[in-house]
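Colleague: I am new to this structure and would like to know how its labels are earned. Could you take me through them?

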Amino acid sequence: MNDQNDSSTLQSDILIIGSGAAGLAMALRLPTHLRVLVLSKAELVGGSTPWAQGGIAAALGGNQDIEQHIEDTIKAGAGLPDREVVERVVRAGPEQIEWLKSLEMPFSHDRNDPERLHLTREGGHSQRRVAHAADHTGRSLIETLVSAVRARENVTVLEHHNAVDLITARRLGETRDACLGAYVLDIKNDRVITVRARHTALATGGAAKAYLFTTNPDGATGDGIAMGWRAGCRVSNMEFIQFHPTCLYEPRAKSFLISEAVRGEGGVLLRPDGTRFMPEHHPDAELAPRDIVARAIDAEIKRLGIDCVYLDISFKGREFIETHFPMIHARCLEFGYDMTREPLPVVPAAHYTCGGVMVDEHGRTDIHNLYAIGETAHTGLHGANRLASNSLLECLVFAQAAAERIAEHPDAATYEHPVIPAWDESQVTDPDEAVVVTHNWDELRRSMWSYVGIVRTTKRLYRARDRINLLRREIHDYYAHFRVSNNLIELRNLVEVADLIVRSALTRHESRGLHYSKDFPETNPRAEHFNTVLIPPPARPYPSVRDRHRGTPLQG
């Protein structure tokens, strides 16, 4: 891996925006003769991937297991997943596990047969098929990928760099469109640099930080979705925000999730009086799909007027728990909860973005030479609800697909423009009141939590839309007049994504999967193959120097 470059203009064959599982896997899958530049908002091990506790769903049991995995995925997605996509991703699962093993990924193995991987079961799966590394699969995966990336001479990583916006030919006045790279904020040096690339990939993760309570890290601000939308990409199915049913109810824990695997291994959900309630909500009880479990918990909390419910696996004994869930157990102990002896207080929290930038089977977007992979993309795999542990599998499969497509066409025309204007800050100043960003961030997330949560109504959605519109105008005005900062970039992206979520939710007049509306409580059979597709307005050209006196800087 090459060191950072201090130049204000950089050139690369491939620019990958995001350093999670999707971005790093793509970097590793690309041919070594191509120059690859990976942007990471924080340290290289940041992002959502290290937080993934459960594992990677992979049908390792042969054709019958593959067929069942396909059906489980479509069932969990409430009939909305694209079967062709599901089949392709599921069938690629065993190959992805073998690839990770070749990188020395430390999977957990069966005690009785050390040659076989230990497979666990999670909600929505008809059998055990989740390969894992104890309860810290995401962390182990990132460490494995980072180690491999550091050994690649053709890969350069820029840590503490956040993309501001994509550079497209159309915004530079061309009639045909293509992505030429991105303007990027060097966070530590507080400057914007220009990165030019033949191919660009959005791999920035999801947008769960739009909600007040989330299992995601602070950087999950929907950057790639917002940038793709502003550049002219269609976005689909943003109403389907998955809420993880079991986030530890502990303010000091900063949204620490309790893995689906805890219920997969026998954990039960309890009311404060110690009685189970999931059998009353679904035949599969605690192993029902996540949307059903999350709504059941939400219903119990509202019905009883309580703060949380409880997840109990203490009856399995200390040895079992410490072997299967060492990280969760240790983390809970830090906050005074011993899961080997007592139930854990839990609540639902925003967890995963099932929609995103629309892509084809190669991860290609509507804009030439622009790809989207991982949680940023809408591939057709998840439909109305993501099956547990399918997300890391999707990252790996589409990272490979995008890399292979680029390898076949590494010198594809980029519609070279004679001049890419440098980032111009001549007409903007330092922020006068940073509290505006903080206040708007908090107001946005509270509005989304209150009005666009697990259970929705049309009236709540319109209330959210009105508040978001006010915030968008205020944030845009702030962005147009002051120098960009990382917080401002994230807030600008969050309000864009929040608007997309609300617009999508208002479009779907039924309840399906993760989208539950009291005004449309039934599932509409005619909408089984209906994806909510939002088409962006034409991308505005970059303002010329003559426009600057009107207060519309290039960063607008």
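Modeller: Gladly; we will go through a strand and then the empty spaces. This is a predicted model, where local features need pLDDT of at least 70 and side-chain atom pairs count only at pLDDT 80 or more, while totals for chains, interfaces and linings use all residues. Residues are numbered from 1 along each chain as its sequence is written, and side-chain values use heavy atoms, with hydrogens and water left out.

Colleague: Why is strand β7 called mostly covered?

Modeller: Buried means under 20% relative accessible area (1.4 Å probe, protein chains only). In β7, residues 161–168, 8 of the 8 residues are buried, so the label fits.

Colleague: How do you know that β7 pairs with β8?

Modeller: Two strands pair if DSSP finds at least two bridges between them. Here 7 bridges join β7 to β8 (residues 179–186), so they pair, and they run antiparallel. One of the bridge partners is Cys 179, in β8, for Thr 168.

Colleague: What makes a space a cavity?

Modeller: On a 1 Å grid over the protein atoms alone, a cavity is a set of points where a 1.4 Å probe fits but cannot get out; lining residues have an atom within 4 Å of a point. The structure holds 2 cavities of 30 Å³ or more. The largest cavity has a volume of about 70 Å³, and among the residues closest to its centre are His 132 and Phe 325.

Colleague: Which element gives the most to the lining of the second largest cavity?

Modeller: That is α8, with 3 residues. The second largest cavity has about 40 Å³ of space, and its lining includes Asp 291, Ala 294 and Arg 295.

Definitions and conventions
Buried means under 20% relative accessible area, exposed over 50%, partly exposed in between (1.4 Å probe, protein chains only). Helices (H or I, at least four residues) and strands (E, at least two) are DSSP runs, numbered from the N terminus. On a 1 Å grid over the protein atoms alone, a cavity is a set of points where a 1.4 Å probe fits but cannot get out, and a pocket is an open set with protein on both sides within 12 Å along at least five of seven lines; lining residues have an atom within 4 Å of a point. Grid points are joined across faces, edges and corners, and a volume is the space filled by probe spheres set on the points.
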